[in-house]
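Reader: I would be grateful for a close look at one part of this structure, followed by an account of the cysteines and the sheet. Please set out the reasoning wherever a classification depends on a cut-off.

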Amino acid sequence: MTTNPGYAEPQVRSRDSDEPRSASAPLYTACVENIGGTSGEVRVSDGQKLATAPTSHTEAGNNPEQFLAMAWSTCLGETLKVVLAVAEVDALSRVRVEVELHKEKSGGFYFVPRAFISIDGLGKEEMEKFAGRAHARCPISKLLKGQGTPIVEVEEYKNPDTFELS
């Protein structure tokens, strides 16, 4: 057996009701707030605070490229562990992600994300097979391929220093 960390159990808020959950109900909801863009901070509902910084000052905090790379590498890495377990492949794996920031000619910016997957003891063809399966199942990969459901809404402004995330 490898020394891979175990699979995380979904973190579900406790409910007072014993009624069954609907198939479309979320398993978990992350609640995060950004204040100040890349010159501020990200606040997580559990109390964590992470400094943000522009790409030219990464010593002062993390930038969106790093956050995206962290999220995708973690999600793709966990999905890869599941894909390997289903195939009964007992091997250590690694996911490295690079996210490039490019300037658009018309103004604005865009990301070019790239993931690199390696699996100990497997050849290139086998790694490509498992990498493809993991990429097809990973929720963040799906968003990056335009298969997700991002929603943008507006809400009344609240002073971030006098309220807590819900």
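**Lysine 145 and its surroundings**

Author: Apart from neighbours within four places in sequence, K145 is in contact with H135 and A136. The model is a predicted one, and the description that follows should be read accordingly. K145 lies in the segment that comes after helix α3, which spans residues 139-144. One of its contact partners, H135, is separated from K145 by 10 residues in sequence, and the C-alpha atoms of the two are 9.8 Å apart. K145 has a relative accessibility of 37%, so it counts as partly exposed: this value falls between the limit for buried, under 20%, and that for exposed, over 50%.

The cysteines may be taken next. C138 has a relative accessibility of 0% and is therefore buried. C75 also counts as buried, because its relative accessibility is 18% and the class extends to values under 20%. The cysteine sulfur closest to that of C138 belongs to C75, at 3.3 Å, which is too far for a bond. A disulfide would require the sulfur atoms to be within 2.5 Å, and the structure holds 0 disulfides.

There remains the sheet. Three strands form an open, antiparallel sheet in the order β1-β2-β3. Its edges are β1 (32-35) and β3 (49-51), each of which pairs on one side only. Direction ignored, neighbouring strands of this sheet are turned against each other by 20° on average. The antiparallel pairing of β1 with β2 (residues 41-44) runs over 4 bridges, and V32 stands opposite V44 of β2.

Terms used. Residues are numbered from 1 along each chain as its sequence is written. This is a predicted model: local features need pLDDT of at least 70, side-chain atom pairs count only at pLDDT 80 or more; totals for chains, interfaces and linings use all residues. Side-chain values use heavy atoms; hydrogens and water are left out. Helices (H or I, at least four residues) and strands (E, at least two) are DSSP runs, numbered from the N terminus. Buried means under 20% relative accessible area, exposed over 50%, partly exposed in between (1.4 Å probe, protein chains only). Contact means heavy atoms within 4.5 Å. Two strands pair if DSSP finds at least two bridges between them. Axes are lines fitted to C-alpha atoms, for helices over the stretch in contact, and angles run from 0 to 180 degrees between N-to-C directions.
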